[in-house]
Amino acid sequence: MTAPAPASGARTAVPTAGQVAGRRWRSSRAVVFVLLALVALAVAIAAMQPSVEAQYLDPESPSQGGSRALAEIFERRDSSVRTVRNAGDALEAAAPGTLLMIVQSERLTEEELASLRATRANLLLVEPSQDTLNALAPRVEPATRSFEKVAPPSCGLDAAVRAGDVHFGLSEVYLAPPDAARCYLSDGMPRLVRIQDGERTVTVLGAGAPLTNEHLDDEGNAALAMNLMDAGAPVVWLIPDLPEPGSTSARSWQDLVPSQVWLFVLQVGVAVVLVALWRMRRFGPVVAEALPVVVRSAETVEGRSRLYRAHRARGRAAEALRAGARDRLVPLLGLPRGAAQDPAMAQEIVSAVAQRSRWDEHVIGGALYGPEPVDDVQLVGLTDFLDDLERQVRQS
């Protein structure tokens, strides 16, 4: 089956620049949409990260994020609150029977966390970092975040039951061991966890908002804070200063990416693999299919010739004719086939052709390796000469 010949005078349809641009847009728009969706998701995740001021949960700060109000209430009840700014002072002040309250724990170095592990004081960890949980509450794991602002106690812990409902806002929730007290649940996971670690108790609070000046009078926030700080016992409030530049080991960018982002990337990867498998047409070897049309070689030659003529590529056309003639002459002359395209064999080919034709070597060399024709007339003359030369060699 051959393609029907075009009608006489019909012009070949050439796509316009607008059609080409439209075709490229349709083929690539899915990739563009996916990239835009990833960028939008990254921006949304970044926007959801809470901004924390330097005085956040500082017992000496009167700002909305500070905790001076809580510290003053606690001191009015004849209880002492000592504010310390480094782990060394906290270890010295936190004797057995006291409560060591740690906020802004992400500022602590690995060495400081290791030293705090030796304290015998009870611990209250507010919004602890992953490293802090690993060092001081290894059986408690962060799970996800809860956006429910208010939650009831939902547990039997006395400090939570007496406080009642608490306004948390954005809060971390945790995976806790079965023997732990688990309070203020969100989807079955607690915002407040208390475990017994040897002789001390460790309490993990997933939100610091209930302790701030801004939210202390909301719901039962003040009561929960006072109950957790165990009124009557000395409190050591550790809010570490920012570490000096270069005093801590540098973290890679992978350490700074939240774990939720890695889970999202993993889910996207799995989805891409599943889509690829779904779109895959078949497994197994390649199956040959019949072409809808058969293009004759003469049509291909004619089409290429028209391209050469349209671009006035006489040199390329002449070289194609000469290369073809040499390929056909070399076997007739008894020379190896590779000699046709080897410039070092040019003189030997010319001499062999001259011996079997009526033309001298100068004329044959000009025909097989000569310069580019200056016009179409010379190109047509070269074609006729090469045909005649090949005919003479065949008949010799």
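Leu 123 counts as buried in this predicted model, because its relative accessibility is 1%, below the 20% limit set for that class. The residue belongs to strand 3. Beyond its neighbours within four places in sequence, Leu 123 is in contact with Leu 99, Leu 100 and Leu 136, and also with Arg 200, Thr 201, Val 202 and Thr 203. The pairing with Val 202 spans 79 residues along the chain, yet the two C-alpha atoms are separated by 4.7 Å.

Strand 3, residues 122–126, also supplies at least two residues of the largest nonpolar core. That core has 33 residues, and Met 101, Tyr 184 and Met 229 have the most contacts inside it. At least two residues each are likewise supplied by helix 2 (68–76), strand 2 (99–102), helix 6 (158–163), strand 8 (181–186), helix 7 (221–228) and strand 11 (235–238). Helix 7 provides the largest share, four residues. Another core lies apart from this one and has 26 residues, among them Ile 102, Leu 108, Leu 116 and Val 202. Met 101, leaving aside neighbours within four places in sequence, is in contact with Leu 124 and Val 126, with Leu 211 and Met 229, and with the run Val 235, Val 236, Trp 237 and Leu 238. In soluble globular proteins, nonpolar side chains tend to be buried together.

Glu 390 is found in helix 14, which covers residues 376–395. This residue also counts as buried, because its relative accessibility is 10% and the limit is 20%. Outside its neighbours within four places in sequence, Glu 390 is in contact with Arg 328 and Leu 329.

Over the whole chain, 14 helices and 11 strands are assigned. Of the 396 residues, 35% count as buried. Among contacts between residues at least 6 apart in sequence, 63% join residues at least 24 apart. The accessible surface of the chain comes to about 24300 Å², and carbon and sulfur atoms account for 57% of it.

An unreviewed UniProt entry places the feature "transmembrane region" at residues 30–48 and 261–278. In the model, the span 261–278 is 100% helix and 0% strand, and its end C-alpha atoms lie 26 Å apart.

Notes:
Residues are numbered from 1 along each chain as its sequence is written. This is a predicted model: local features need pLDDT of at least 70, side-chain atom pairs count only at pLDDT 80 or more; totals for chains, interfaces and linings use all residues. Side-chain values use heavy atoms; hydrogens and water are left out. A nonpolar core is a set of buried Ala, Val, Leu, Ile, Met, Phe, Trp, Tyr and Cys residues joined through side-chain atoms within 4.5 Å. Buried means under 20% relative accessible area, exposed over 50%, partly exposed in between (1.4 Å probe, protein chains only). Contact means heavy atoms within 4.5 Å. Accessible areas come from the Shrake-Rupley method with a 1.4 Å probe; for residues, only the protein chains shown count as cover. UniProt positions are given in the numbering used here, feature names are shortened, and annotations may be inferred rather than shown by experiment.
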